[in-house]
Amino acid sequence: MGLTAGGLSVSLRGRRILHGINATFAPGRVTVVLGANGAGKSTLLRAAAALVPCAAGSVTIDGRDVAALSPRERACTIGYLPQDSVVHWNMRVRDLVALGRLPHGDGDAGAVARALEATRTADLGERAVRDLSGGERARVLLARVLAGAPHWLLADEPLASLDPLHQLETLALLRAAAAGGMGVVVVLHDLTQAAAVADDVLLLKDGAVLAHGPTDVVMTAEHLAQAYGVAVEVLDRADGRRVIVATNTL
């Protein structure tokens, strides 16, 4: 059944951000949420994690309203990684990652070690968080989410502060998480990276769904031009990878 937004509308500070979103995200797949700045991408993820209220409609997981889950059950089910990488306490990296186990009521050292290894942050384990670079901190915060072994990973621009190597490693990590059965919903801005990692794409425009479905169906020059207001060239390489280039404003 998956994670479903049914007629979802969200208003913030008196302004309607999302308008009647209908979409179902499948476990075991990576869905990339795309759209221009202000299209409602981050708000959609926050609504899916029950961090903002629905003005209309609902978000459900396997038929259960996310907002009605207990905080502990919701935290065990959904791992949310926001854009903001602020850490308010200057604690050891290993201890910060271990916070991902709090909803489970244990300090599973194995889960923490696996999350550190997966994000290539094991060598940072004894360092203080505030001594890290922005990219290192971003990977540590992803490790904290993964340590909780959620059923769903909602990640908002997880590549934003990473260098190219760690961007590629993080994309591979998202693919691996989905291959292991996790549902992954991720906001990205780079269209070529989105085409490389996504099984499905949800394309938003002005808070509404412009297109939703398999990557090849949604990420067309026509759809992307509508969403972003630019002319787009879609190049399919011999190795199967798709390169997407914005060529001009419309």
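Helices here are DSSP runs of H or I with at least four residues, numbered from the N terminus. With that in hand, let's walk through this predicted model, starting from its sheet and working inwards.

Six strands make up an open sheet, and reading across it you meet them in the order β6-β7-β8-β3-β9-β10, with mixed pairing. The two ends of that order are β6 (78-81) and β10 (208-214); each has a single partner strand, so one side of each is left without a neighbour in the sheet. On average, neighbouring strands are turned by 15° against each other if you ignore direction.

Take the β6 end for a closer look. Its partner is β7 (residues 152-156), and the two pair in the parallel sense over four bridges. Within that pairing, Y80 sits opposite L154 of β7. Helix α5 (residues 134-147) packs on the sheet here, touching both β6 and β7, and its direction makes about 170° with that of β6.

Now for helix α1, residues 41-48. This one lies across five strands, namely β3 (30-34), β6, β7, β8 (183-187) and β9 (200-205), and runs at about 150° to β7.

Is there any empty space in the model, and what lines it? By the counting rule, there is one cavity of 30 Å³ or more, and its volume is about 30 Å³. Around the largest cavity you find L3, F25, L44, L45, A48, L154 and V185. Which element gives the largest share of that lining? Helix α1 does, with three residues. As for chemistry, the lining divides into seven nonpolar residues, no polar ones and no charged ones. L154 has come up already: besides lining the cavity, this β7 residue is the one that stands opposite Y80.

Finally, have a look at L202, which lies in strand β9. Is L202 buried or exposed? The cut-off for buried is under 20% relative accessible area, and L202 comes out at 0%, so it counts as buried. Leaving aside neighbours within four places in sequence, its contacts are A23, F25, T31, V32, V33, L34, L44, V209, A211 and H212. Two names in that list, F25 and L44, also belong to the lining of the largest cavity. L202 also shows how the fold brings together distant parts of the chain: its C-alpha atom is separated by 9.4 Å from that of K41, although the two residues are 161 residues apart along the chain.

Definitions and conventions
Residues are numbered from 1 along each chain as its sequence is written. This is a predicted model: local features need pLDDT of at least 70, side-chain atom pairs count only at pLDDT 80 or more; totals for chains, interfaces and linings use all residues. Side-chain values use heavy atoms; hydrogens and water are left out. On a 1 Å grid over the protein atoms alone, a cavity is a set of points where a 1.4 Å probe fits but cannot get out, and a pocket is an open set with protein on both sides within 12 Å along at least five of seven lines; lining residues have an atom within 4 Å of a point. Grid points are joined across faces, edges and corners, and a volume is the space filled by probe spheres set on the points. Ala, Val, Leu, Ile, Met, Phe, Trp, Tyr, Cys and Pro count as nonpolar, Asp, Glu, Lys and Arg as charged, and the others, Gly among them, as polar. Two strands pair if DSSP finds at least two bridges between them. Axes are lines fitted to C-alpha atoms, for helices over the stretch in contact, and angles run from 0 to 180 degrees between N-to-C directions. Contact means heavy atoms within 4.5 Å. Buried means under 20% relative accessible area, exposed over 50%, partly exposed in between (1.4 Å probe, protein chains only).
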